[in-house]
Amino acid sequence: MPEFFKTVGAARFGVMAGVAAVLTAFFLYIAGAITEPPKTILFSGLESRDAAAVTAKLDGMAVKYDVKDAGTILVPADQVTKLRMALAQDNLPAAGVGYEIFDKSDAFGTTAFVQNINHQRALEGELARSMQTIEGIQSARVHLVVPERQVFSRDDQKPSASVVVKTMGKMDHGQVLAIQHLVAAAVCMAVTALLYRDIRSVGRLAVVMLIVVLATVGWVIVAGLFSFSWQQAFDFPPEARRIDAGLLRAMGAAGLLAMYNYGGYSNVCNIGEELRSPERTLPRAIVLSIVIVVVLYVVMSTVILGMIPWQEAQQSRTIASLFIARTFADPAAGRIAAMVMTSLILFVTASSLYAVILGYSRIPFAAARDGQFFRVFGRLHPKKHFPHVSLLTIGVVTLPFCFFTLGQLVNWLIQVQILLQFVWQCAAVILLRRYRPDVVKPFRMWLYPLPALVSLAMWVYIFLSAPAAGIAFSAAFLAIAVVAYLVFDRTTAASTPA
């Protein structure tokens, strides 16, 4: 062996040893890379604070990980699911606090104030988590403002929601709609919560909403009176003055939308028993609402068309905001005013939802009280004396409709009312007068029965000229109602002793 070292020489031996060491290290690296499980993405696009919290937790769990740019963390692929579940227990990465907050609190030692704060935090956290499940959304923050009416306060405030999302690139139309649907569902829940009180409080809040609605419409009218053009307002094409099938179809479609604006006149009838002096209040409310809506609707439409040509108006989805923006000479001030108008219109929309849920929550209650529907809907709140079961049911039923467009909801709502209510009311007026002379009839119909027959013909025409999807939806709604009544009838017959 010494002869070998002498023959090779110290320099050559050093080179050979170095090459051997490098080859050994290389093969060890290859062996380790082959035997090491592949790594995949645990989380990506994390904020620095969230990435630091996640890596600290992984260090404590003795998990090997790699950190790439843009907050991407890689872990062994076979541990991804297990690690995500373990990190989720510690709310990592932070996505807000959800309903698990109540699992970690002492119910006996927690004040009502803290419980209310925790409930709001849980709602905000759950909404944020739901939004983050949408592809393309990196993070979301939700702030809900659900004011509580004080005992001696007459003014109520409307609930509101603020949503801030951070996206991974540009969001497509479907993702934006998903966020809108979630917020709309939250607003439905908030409106139901506002209605969950006695009728006096509900009435005071309705007056506040009415004031805001009238102020919004008044702003549009007053702003347009000083700058609109009479000639432009009535500058219609020749086709609009020609009576043909196209005009009749357009009138039917316009009538469907217009009747939604007049829908409030019948809503008061659903709460007639909760009114003071209903024999005077009901007819006055009906007549005044029709007259006021006619005047406001005609004047507002005229001033808008006097500033925005009808060719442009029919293409706009934000006609009122566009109109308000053009009443300002300064474009910056116009944009601010348009944003304010958009917010007011959203408030007006929520107010109409408030009125619809209020009115329709009384229908199952009245039917149950008269023995024509399930008795559970006839229950009253033990302290506030309002139909709480019926209200909560209608509030839950409205949630799926948050996933439709506003245009669809307006059309379908009127079509359902036509098929289930309006046409039968026209017939009921005639049949009641003919076959029930024993019923007291304190009101008189001029030119009877001509108004009822004309109304019946108009309702049928509006219904049949509406979109086919609305007709199918109305038929399905009627079928479900019939099935529900048949179930009720059989249940009642089975429980009634022979």
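A salt bridge is a side-chain nitrogen of Lys or Arg within 4 Å of a carboxyl oxygen of Asp or Glu. Arg280 makes one of these with Glu279, and the closest N and O atoms of the pair sit 4.0 Å apart. This pair comes from a predicted model, and the same goes for everything described below.

Start with the big picture. The protein has 498 residues, of which 28% count as buried. Its secondary structure adds up to 18 helices and 5 strands. Take the contacts between residues at least 6 apart in sequence: 67% of them join residues at least 24 apart. On the outside, the protein exposes about 31,600 Å², with carbon and sulfur atoms supplying 67% of that area.

Back to the salt bridges, of which the structure holds 5. Arg280, already met as the partner of Glu279, is partly exposed, with a relative accessible area of 43%. Another bridge links Arg369 to Asp370, this time with the closest N and O atoms 3.8 Å apart. Arg369 counts as partly exposed because its relative accessibility is 41%, while Asp370 comes out as exposed at 52%. The cut-off matters here: exposed means over 50% relative accessible area, so Asp370 passes it. Then there is Arg436, which pairs with Asp438 at 2.9 Å between the closest N and O atoms. In this pair, Arg436 is partly exposed at 39%, whereas Asp438 is exposed, with 54% relative accessibility. Some bridges also share partners, and in this way Glu273, Arg369 and Asp370 are joined into one network.

Next up is helix 13, which runs over residues 319-326 and has Ala320, Ser321, Phe323 and Ile324 as its buried residues. These four lie on the same side of helix 13, because they cover an arc of only 160° around the axis. Some helix geometry is handy at this point. An α-helix has 3.6 residues a turn, so residues three or four places apart point the same way. And what sits over the buried residues of helix 13? The cover includes helix 7 (199-225), helix 11 and helix 14 (331-369).

Helix 11, one of those covering elements, spans residues 278-305 and contains Val291. With a relative accessibility of 46%, Val291 counts as partly exposed. Val291 also belongs to a nonpolar surface patch of about 450 Å², made together with Val287, Ile290, Val294, Val295 and Val298.

Two other residues give a look at buried spots. His388 is found in helix 15 (residues 388-398) and is buried, with a relative accessibility of 15%. The side chain of His388 reaches the backbone nitrogen of His381 at 3.1 Å. Leaving out residues up to four places away in sequence, His388 touches Tyr196, Arg379, Leu380 and His381. The other residue is Gln417, which lies in helix 16 (residues 406-435). Since buried means under 20% relative accessible area, Gln417 fits the bill at 11%. Its contacts, again without residues up to four places away in sequence, are with Tyr360 and Phe422.

Methods. Residues are numbered from 1 along each chain as its sequence is written. This is a predicted model: local features need pLDDT of at least 70, side-chain atom pairs count only at pLDDT 80 or more; totals for chains, interfaces and linings use all residues. Side-chain values use heavy atoms; hydrogens and water are left out. Buried means under 20% relative accessible area, exposed over 50%, partly exposed in between (1.4 Å probe, protein chains only). Contact means heavy atoms within 4.5 Å. Patches are made of residues with over 30% relative accessible area and no salt bridge: like charges are joined within 9 Å, nonpolar side chains (Val, Leu, Ile, Met, Phe, Trp, Tyr) within 5 Å. Accessible areas come from the Shrake-Rupley method with a 1.4 Å probe; for residues, only the protein chains shown count as cover. A polar contact is a pair of N or O atoms within 3.5 Å; within protein, one must be able to donate a hydrogen and the other to accept it, and residues adjacent in sequence count only if both atoms are side-chain atoms. The arc is that of the directions from the helix axis to the C-beta atoms.
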